[in-house]
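User: Could you take a close look at the metal site for me? I would like to know which residues hold the metal and where they sit.

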Amino acid sequence: MIVAVPAARIRARDAGIVLILLFLQWHFPLRRQNFGVLRRLVRNYIVSIPGFVVVRFAMLPIPLAVAVWAQNRHFGLLHWLNFNACVTAVAGFVLMDYAYWWWHYANHMVPLFWRFHNVHHTDLDMDVTTAARFHFGEMVFSIGFLSGTLLVFGVDPLIFVIFFIIFEAATCFHHSNWRLPLRLERIFNMIIVTPRMHGIHHSIVQRETNSNWGTIFCWWDKLHRTLRRDVPQDKIDIGVAAYRDEHELTIGRLLVLPFRKQRAWRLPSGEFPEREPRPASNLAE
Ligand SMILES: [Zn+2]
């Protein structure tokens, strides 16, 4: 029961956030979209169904059970450090986001993980529906990552649930195609990952994809010098260089994509997409 209630609430809350972002990105679009929203929405949500099942029955309950176990046995860094409750809670939340930075990095750098994360990146437009487009295999690997992280840091189970809710909302927000006023987004981007910042992570230019790994806070990319803010959104081609044909990216093909031979990061023409970096401290338009 401890698991069922938060999971159901998280899904309902997510649905509300998605509807609001769908409305905002429809009224205030950021990037010009190449394909119809409805068609991509249907494709992305059907692809995500097995992943939702994994999240509901394993990716949330198993790590949560690990966190409860660690709490009961006083196991993990934050239990041993014995700070006051407030510091422990904040540290647990921030450490989870930092650990996720490394997990996202690993999803790009470890060939086995990339096979699955590639499905997410092959979307030829990016909007709030892209936030659901994850192969269930990536969710299965995430169970091990989350359980290990919660165990090592000894994160409180309640903090993990709160983190998970905010993590999902942040993922919907930074994938959305919502054009925030640039000055406002630059202020947000002093702390959090924003749609323009994450748009650069979905570029077909590999150096740009290999940047901006953060989910909630943008500090980790600053810390690791992987923060890239120099590309205007109208100059970005969204997707993966070797997968440019939407007929190759149907629901069935996306689900088997990780088990097929992976293509090198080259355009179908054989070209390697490039762009000169222009280091910028502020987000480009
Ligand atoms: Zn990624």
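Analyst: Happy to walk you through the site. In this predicted model, the zinc ion has H104, H108, H117, H121 and H201 as its protein donors, each through its NE2 atom, at 2.2 Å from the ion. Along the chain, these donor residues follow the spacing H-x3-H-x8-H-x3-H-x79-H.

Let's look at one pair of them in detail. H117 and H121 both belong to helix α6, which covers residues 111-121. The two are four residues apart, or about one turn of that helix. Are they buried or exposed? H117 has a relative accessibility of 3%, so this donor counts as buried. H121 has a relative accessible area of 1% and is therefore buried as well, since the cut-off for buried is under 20%.

While you have the model open, two loop residues are worth a glance for their backbone angles. Most residues other than glycine have a negative phi. H74, however, has a positive phi, near 55°. You will find H74 in the loop between α3 (61-72) and α4 (77-81). With 45% relative accessibility, H74 counts as partly exposed.

The other one is N82, a non-glycine residue whose phi is also positive, near 55°. N82 sits in the loop that lies between α4 and α5 (85-109). Its relative accessible area is 59%, so N82 is exposed, the cut-off for exposed being over 50%.

Notes. Residues numbered from 1 in each chain as written. Predicted model: local features only at pLDDT ≥ 70, side-chain atom pairs only at ≥ 80, totals over all residues. Heavy atoms only, no water. Donors = N, O, S within 2.8 Å, 3.2 Å for Na, K, Ca; no water. Buried < 20%, exposed > 50% of the residue type's maximum accessible area, 1.4 Å probe, protein only.
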